[in-house]
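Here are my notes for someone opening this one for the first time. Have a look at the model, then read the points in order.

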Amino acid sequence: MTGLVHLYWGAGKGKTTAAMGLALRALGTGRRVAVVQFLKGRDSGEIPLLEGLGAQVFRGKAGTKFSFQMTGAEKAETRALQTDHLRRALALDAELLVLDEACAAWQTDLIDRDLLRAAVLDRPEGREVVLTGREPPEWMREAADYVTEMRCHRHPFEQGVPARRGVEF
């Protein structure tokens, strides 16, 4: 099987949801799945289910701050942690590799950029790779075989409705 690159990007809701849906589909057909969630530390409803079905999941960052709130030391610690997560995921024999928020990790320089680019461009034959995030760099758009832009036309958050467990996370 030829491994292709999927890119779910944009300001709309659904990027991670689409990526995790693909991970569930792959697991349901017996494929090996690895997920790296960059810049996410909050518990999210899909993680226990994916792990229970056999996915290897790597996630977390230094502290609970958004990247723009981090100190230099927190950014360095997060970059090292996330780079380690990606290295560990790449060492697995995964047929599907989900790199959730890869665009943000790239844009904020909170990942070893050479390693991230190699994970996509130099992947083993047959490995499917999924990238998500708001604003992908041009190289990701060019590398992707599937490119889906999620655009927000309306969102309850704009009306003061906070993120809800089981829907947004």
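1. A definition to start with: two strands count as paired if DSSP finds at least two bridges between them. Keep in mind too that this is a predicted model.

2. With that in hand, take strand β1, residues 5–9, and strand β5, residues 128–133. The two pair in the parallel sense, over five bridges. If you want a spot to click on, L7 stands opposite L131 in β5.

3. β1 has another partner as well: strand β6, residues 146–149, also paired with β1 in the parallel sense, here over four bridges. L7 is handy again, since on this side L7 stands opposite V147 in β6.

4. How many of the residues of β1 are buried? Five of its five, so the strand is mostly covered, given that buried means under 20% relative accessible area. Neither face is left open: V5, L7 and W9 are buried on one side, and H6 and Y8 are buried on the other.

5. Stepping back, the chain has six helices and six strands. Follow the sequence and you read β-α-β-α-β-α-β-α-α-β-α-β.

6. What about overall dimensions? The C-alpha atoms fill a box of roughly 45 × 35 × 35 Å along the principal axes. A compact globule of 169 residues would have a radius of gyration near 15 Å, and the chain agrees because its own value is 15 Å.

7. On how the chain packs against itself: among contacts with a separation of 6 or more, 71% are between residues 24 or more positions apart. As for burial, 46% of the 169 residues count as buried.

8. Now the outside. The chain exposes about 9,100 Å², and carbon and sulfur atoms supply 50% of that area. For charges, there are 24 positive and 23 negative ones, and their mean positions are 5 Å apart.

9. One last residue to look up is H85, which sits in helix α3, residues 72–90. Is H85 buried or exposed? H85 counts as buried because its relative accessible area is 6%, and the cut-off for buried is under 20%. Leaving out residues up to four places away in sequence, H85 touches V36, F58, R59 and G60.

Definitions and conventions: Residues numbered from 1 in each chain as written. Predicted model: local features only at pLDDT ≥ 70, side-chain atom pairs only at ≥ 80, totals over all residues. Heavy atoms only, no water. Buried < 20%, exposed > 50% of the residue type's maximum accessible area, 1.4 Å probe, protein only. Rg over C-alpha atoms; globule rule 2.2 N^0.38 Å. Contact = heavy atoms within 4.5 Å. Areas by Shrake-Rupley, 256 points an atom, 1.4 Å probe, with all protein chains shown as cover. Lys, Arg positive; Asp, Glu negative; His and termini not counted. Charge placed at Lys NZ, Arg CZ, Asp CG, Glu CD.
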